[in-house]
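Open the model in your viewer and keep the sequence panel beside it. We will go from stop to stop, selecting a few residues each time.

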Amino acid sequence: MSNKFFTDLKTSLSSIFSLDGFLVPEAEAEQSIRDGVSFKGTNLLILVFAILIASLGLNTNSTAVIIGAMLISPLMGPIIGLGLGIGIEDFGLLKRSARNLFIAAIFSILASTLYFLISPVSSGHSELLARTSPTIYDVLIGFFGGSAGIFAIASKNKGNVIPGVAIATALMPPLCTVGYGLATWQMHYFFGALYLFLINSIYICLATFIGVKLMKFSRIKSAVPQRARRMRRLVYTLSILTLIPSIYLTYTMLAQSRFEMNADRFISGECHFVGTQVLSHTTSQSDGHRILTITLIGKVLPQDSLELALSNRMHYYGLDNVTLDIIQGDAGTIRDREDIMGRSMTQIYELAQNSLVQKQHVIDSLRDIINEQRRSDSIPAYLAPELKVVFPQVAEIAVTRAVFGEIAGGGLDTADIALIRYTTPISPEKQTELQRYLEARLRLKTLHMVNID
């Protein structure tokens, strides 16, 4: 039963992933790749125009323009040609592809360098910066993109795979960024983008080589096995050497992301102060040391006590060995203060508005309390003429509101109290009549009367 199940499953999967009937003849696929390797005449002009379009897109930070340049560019042809040459052991094709890829890369870098030398806008934008720190994800994109590309070329139904691969693997933007780094003499742009281009090229080539082997393309008749083995070893070695820096950069990126996430949790969980709010917080690294900078606005808090209290809580949020830098009031260097002022005037305005609203609420509440107290203080004055006529026994009266605390439960309650001193004793019935009169006159639901001797 078990063996039959696995046999049927294997047969079913084999039929699903079988390539029989889906591939064009091998000769047709090879010819399509060989035709794309050449870089002469119109191909070279199209490449130069594509690199200029991509440079414009990067300069203006326009994603749509960059995508258009990637669709125009014929740069993938020589890279796939390299993979095919290694796979079928055609060293003539391998040399031609390598030479044409080198020429295409040089022309692309020269064109983008010339553009950025004469461009009036020389600052780096996000699309440029994104091409200077490649990670393991870029390796995977290059490999899977190359895999889709080679199978699409060999497929009868190509669909829109090739344009999608051109966009996903993004060969043009890194070369533009290399030119930008040369034009502005910023070597971190130059080396970072060049490394990304090498990642894409090598792993598209590796994916093409593996795809050719899986589709069982025939070796050329003049193939030399020993030479082919050396070439395969070289490809594997280059792939591993290219992979290692991306792993380190990925680890660095994830560590920084975790640092920022822990800092956000720390600020949300610990930085709650009466009369003081967190304006902003930043994470940075200097000489291998991680720094969390918190900028406060509002009432200035004791600096030493604040730093000690927050530092003792940082290890609960994974922020061990992180230096805490708190800026409030006039603390910090001139550069820090300039950074604070330039960081977000909108935030400062909103915080000031919120503070004003809160203070206005407090003022209104205090005014209500004062008005209520004034009303209580004025009660004897405006009741005196009436009391002289209706209740002549009343010599003095004071009406106030008191707060009673429950001893057992700790609850609080308020009560309106009338303190009364009589000239002559008054009967209980008359006291009840006086109480009802005062409740109605003062519009109180309940009034407690206390006799004063």
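In which loop is the place of N321? Select N321 and you land in the loop between helix 13 (303-311) and strand 3 (322-328). Helices (H or I, at least four residues) and strands (E, at least two) are DSSP runs, numbered from the N terminus. N321 counts as exposed, at 76% relative accessibility; the cut-offs are under 20% relative accessible area for buried, over 50% for exposed and partly exposed in between, with a 1.4 Å probe and protein chains only. Check its backbone too: the phi of N321 is near 60°, a positive value in a residue other than glycine.

Before moving on, a word on what you are looking at. This is a predicted model, in which local features need pLDDT of at least 70 and side-chain atom pairs count only at pLDDT 80 or more, while totals for chains, interfaces and linings use all residues. Residues are numbered from 1 along each chain as its sequence is written, and side-chain values use heavy atoms, with hydrogens and water left out.

Now zoom out to the whole protein. You should find 16 helices and 6 strands. Of its 453 residues, 37% count as buried. Take the contacts (heavy atoms within 4.5 Å) between residues at least 6 apart in sequence: 73% of them join residues at least 24 apart.

Next, select helix 10, residues 172-184. At 1.5 Å a residue, its 13 residues should span 18 Å, and the end C-alpha atoms are 19 Å apart, which agrees; the expected span is 1.5 Å times one less than the number of residues. Helix 10 is mostly covered, with 11 of its 13 residues buried. Among them are M172, P173, P174, Y180 and A183.

Step just past the end of helix 10 to W185, which takes a positive phi of about 55° although W185 is not a glycine. W185 sits in the loop between helix 10 and helix 11. Is W185 buried or exposed? With a relative accessible area of 64%, W185 is exposed.

Carry on into helix 11 and select F209. F209 counts as buried, at 4% relative accessibility. Leaving aside neighbours within four places in sequence, F209 is in contact with G83, I86, G87, R232 and Y236. Try a distance label from F209 to L82: they are 127 residues apart in sequence and 8.1 Å apart in space, C-alpha to C-alpha.

A little further along is M215, in the loop between helix 11 (187-214) and helix 12 (225-270). M215 is buried, with a relative accessible area of 9%. Its C-alpha lies 9.9 Å from that of I150, although M215 and I150 are 65 residues apart in sequence.

For the last stop, colour helix 2 (residues 26-37) and helix 5 (residues 76-87). They pack at an angle of about 130°, with their axes 7 Å apart. Axes are lines fitted to C-alpha atoms, for helices over the stretch in contact, and angles run from 0 to 180 degrees between N-to-C directions. The two helices are therefore oblique to each other, as angles under 35 degrees count as roughly parallel, over 145 as roughly antiparallel, 65 to 115 as roughly perpendicular and the rest as oblique. Show side chains at the contact: E30, I33, G36 and V37 in helix 2 meet G77, P78, I80, G81 and L84 in helix 5.
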